[in-house]
Amino acid sequence: MSIKEESPRRRIRTGVALGVSAALASILCCGGGTVAFFLTTLSVDRQDLTATEANCEEDHQVRLSGNIPRLGSYGQTQMRNAAVIIKVGQDMRVPPRGWVIAVATAMQESALRNLSNSTVAGSRGIPNEGVGSDHDSVGLFQQRAGWGSVAQRMSPDYAARKFYEKLLKVDGWERMPLTRAAQKVQISAYPDAYAKHEDIASQIVNALAGGAARTVQIADRPVCDRASARAIAASGWTAPIDGGVGSGFRTASRPRHNGVDIGARKRTEIHAAATGRVLVARCDPDHNGNRTCDVDGFPGKGGCGWFVDILHAGGYISRYCHMIEKPRVVPGQLVKAGEVIGLVGSSGNSSGPHLHFEVHVDSDRSFAGGINPVPFMRQRGAPLNGSA
C-alpha cells in the first residue's frame, strides 16, 4: 500500500548543517538540540555496511591485533579502538547493547581517536591520534580530570572501563534510547548528538564481534535474531509485531507494494521498530479523497488507513499502516523502541486485519526511498517472523 503523498518526493535530507531548514526544525523539534537526533555527518557508504554484515555468532570473539577491517571513513586505528571498547565490555560482562552505546559515544566524542589536548600538560607526550582542545578532556571518551589521571584517561582500556562502570549504574539503561543512556554517563553539552551514530556503531559491533548487535538478551544471555515487540536487539531495533509475512515487497503481481504485510488479529499491539521521532500520525485519504479510517476498508479503496511514520537515526523511516483506530502517538513525539504506537486493523486499502510495514532510507518517505524491510530487519537482529 502506498501513501498518498503531498508531493512526488517528500524528503528530509541528512548530512546537512543544522541551520539549512528552519521548517524542519519547527516541525520536528520539541526542544533545543533535538534536530541533531536526525542528522549525520558520517561518510560511510551503505554498500560498505552491507559488505561487513556477519552471521550472528554466540561466541563474540574480538581481535585486537592483526588486520582490522575498515568501515567507511574509519580506518584500522579507529576500528582497533572500537575493538578495545568492545573487548572491555565483554570482559566486564556488559550486554552487547552496552557495546553499541559505548562505541557510538566514542564516535561522537573523538571519532574513535585517542586524543591528547593542547591545554593539558603532558598529554601530547603520551601516544595519541590527534590533538583536541575541549576544556581538560582527553582520550576516546573525552573524559575530564575527575575521571582519572591524564595517563589513565588516555588509555583506551581504562577509558572504556570507566565508561561502562558509570553506565551500569544507570537504572534501566538497556531500554533507554541510546542518546539518553550516553548522556547519563557523559553529561554532554549536546545531549542529542549521540543518537545519530547508533546505526553505524551497530555495524561496527557486528563487523568486529560476529554480529553481536543482532542479539537480544534472553535469560541473561545474548540470543541471535530474536528481537520482537518489547525485546530490543543490541542494535536498537525490534520487530513491530509477531506474525508471518504474507504479501511481499514489490512482487511481480504487486510491483507498487512498497512494504510487506504481516498477518495479525485485530487490536494486536504495534510497537515502534526503533527509537525515533514521529513524522506523521493520521488517516490517509482513499482514492476518492475520503478520510474514512474508522471502518474496515476493502481492496481497491486506496490509502493506508490510519498510519504512522517514524524517523530514526541514520535517516531511516519506518511506516505502519491499516491501524484500527487513531494512532496512540502524535507528530513530533519521541518514541522509544518497542513502545506501543497503535493497534492492528484493516482500515484503508485492505482485505483483512494485518500490519503493512515499510522501511525507507535517506529520510525519503516517497516510493523511491522504500527498501525491502525483510533483509533490513534481519540484519538488525529483528527478523519479521516467518521471513527468515
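Helices (H or I, at least four residues) and strands (E, at least two) are DSSP runs, and their numbers count from the N terminus. The model shown in every panel is predicted.

**Figure 1. Ile-187, a non-glycine residue with positive phi, between α7 and α8.** Ile-187 sits in the loop that links α7 and α8. Its phi is positive, about 50 degrees, although the residue is not a glycine. Most residues other than glycine have a negative phi. Is Ile-187 buried or exposed? Ile-187 is exposed, because its relative accessible area is 58% and the cut-off for exposed is over 50%.

**Figure 2. Ala-229, another non-glycine residue with positive phi, between β4 and β5.** The loop here runs between β4 (221-224) and β5 (260-263), and Ala-229 lies in it. Phi of Ala-229 is near 55 degrees, again positive in a residue other than glycine. Ala-229 counts as buried because its relative accessibility is 18% and buried means under 20%.

**Figure 3. Helix α8 and the glycine that follows.** The rest of the structure largely encloses α8, because 10 of its 11 residues are buried. The buried residues include the charged pair Glu-198 and Asp-199. Ser-202, Gln-203 and Asn-206 are buried too. So are Ile-200, Ala-201, Ile-204, Val-205 and Leu-208, as defined by the under 20% cut-off. Just after α8 comes Gly-210, with a positive phi of about 60 degrees. Across the protein, 56% of the 388 residues count as buried.

**Figure 4. Packing of α3 on α6.** Two packed helices are described by the angle between their axes and the distance between the axes. For α3 (residues 76-91) and α6 (residues 156-167), the axes come within 9 Å and cross at roughly 50 degrees. The two helices are therefore oblique to each other. The crossing of α3 past α6 is right-handed. On the α3 side, Asn-81, Val-84, Ile-85, Ile-86, Val-88 and Gly-89 make the contact. On the α6 side, the partners are Pro-156, Asp-157, Ala-160, Arg-161 and Tyr-164. By type, the contact of α3 with α6 holds 7 nonpolar, 2 polar and 2 charged residues.

**Figure 5. Packing of α3 on α4.** Here the axes of α3 and α4 are 9 Å apart, at an angle of about 150 degrees. Angles over 145 degrees count as roughly antiparallel, so α3 and α4 fall in that class. Their crossing is right-handed. From α3 come Ala-82, Ile-85, Ile-86, Gly-89 and Gln-90. From α4 come Trp-99, Ala-102, Val-103 and Ala-106. The contact of α3 with α4 divides into 7 nonpolar and 2 polar residues, with no charged ones.

**Figure 6. The largest nonpolar core and Ile-85.** How many residues make up the largest nonpolar core? It has 46, and those that touch the most other members are Ile-85, Phe-141, Tyr-164, Ile-204 and Val-205. The elements giving two or more residues to this core are α3, α4 (96-110), α6, α7 (178-186) and α8 (198-208). The biggest share is from α4, with 8 residues. Neighbours within four places in sequence aside, Ile-85 contacts Ala-102, Val-103, Ala-106, Leu-112, Leu-140, Phe-141, Ala-160 and Tyr-164. Another core, of 37 residues, lies apart from this one. Among its members are Ala-264, Ala-281, Val-344 and Leu-384.

**Figure 7. Gln-143 in the loop between β2 and α5.** Gln-143 belongs to the loop between β2 (131-132) and α5 (150-153). Is Gln-143 buried or exposed? Gln-143 counts as buried because its relative accessibility is 1%. Beyond its neighbours within four places in sequence, Gln-143 contacts Asp-136, Ser-137 and Val-138. Arg-153, Ala-159, Lys-162 and Phe-163 are also in contact with Gln-143.

**Figure 8. Ile-324 and its partners from elsewhere in the sequence.** Ile-324 is in the loop between β9 (316-323) and β10 (334-335). Which residues does Ile-324 touch, not counting those up to four places away in sequence? They are Lys-266, Arg-267, Cys-293, Trp-306, Leu-343, Val-344 and Gly-345. Val-344 is 20 residues from Ile-324 in sequence, yet the two are 5.7 Å apart in space, C-alpha to C-alpha. In the protein, 64% of the contacts with a separation of 6 or more join residues 24 or more positions apart.

Technical notes. Residues are numbered from 1 along each chain as its sequence is written. This is a predicted model: local features need pLDDT of at least 70, side-chain atom pairs count only at pLDDT 80 or more; totals for chains, interfaces and linings use all residues. Side-chain values use heavy atoms; hydrogens and water are left out. Axes are lines fitted to C-alpha atoms, for helices over the stretch in contact, and angles run from 0 to 180 degrees between N-to-C directions. Angles under 35 degrees count as roughly parallel, over 145 as roughly antiparallel, 65 to 115 as roughly perpendicular and the rest as oblique. A crossing is left-handed if the near helix is turned anticlockwise from the far one by less than a right angle, and right-handed if clockwise. Contact means heavy atoms within 4.5 Å. A nonpolar core is a set of buried Ala, Val, Leu, Ile, Met, Phe, Trp, Tyr and Cys residues joined through side-chain atoms within 4.5 Å. Buried means under 20% relative accessible area, exposed over 50%, partly exposed in between (1.4 Å probe, protein chains only).
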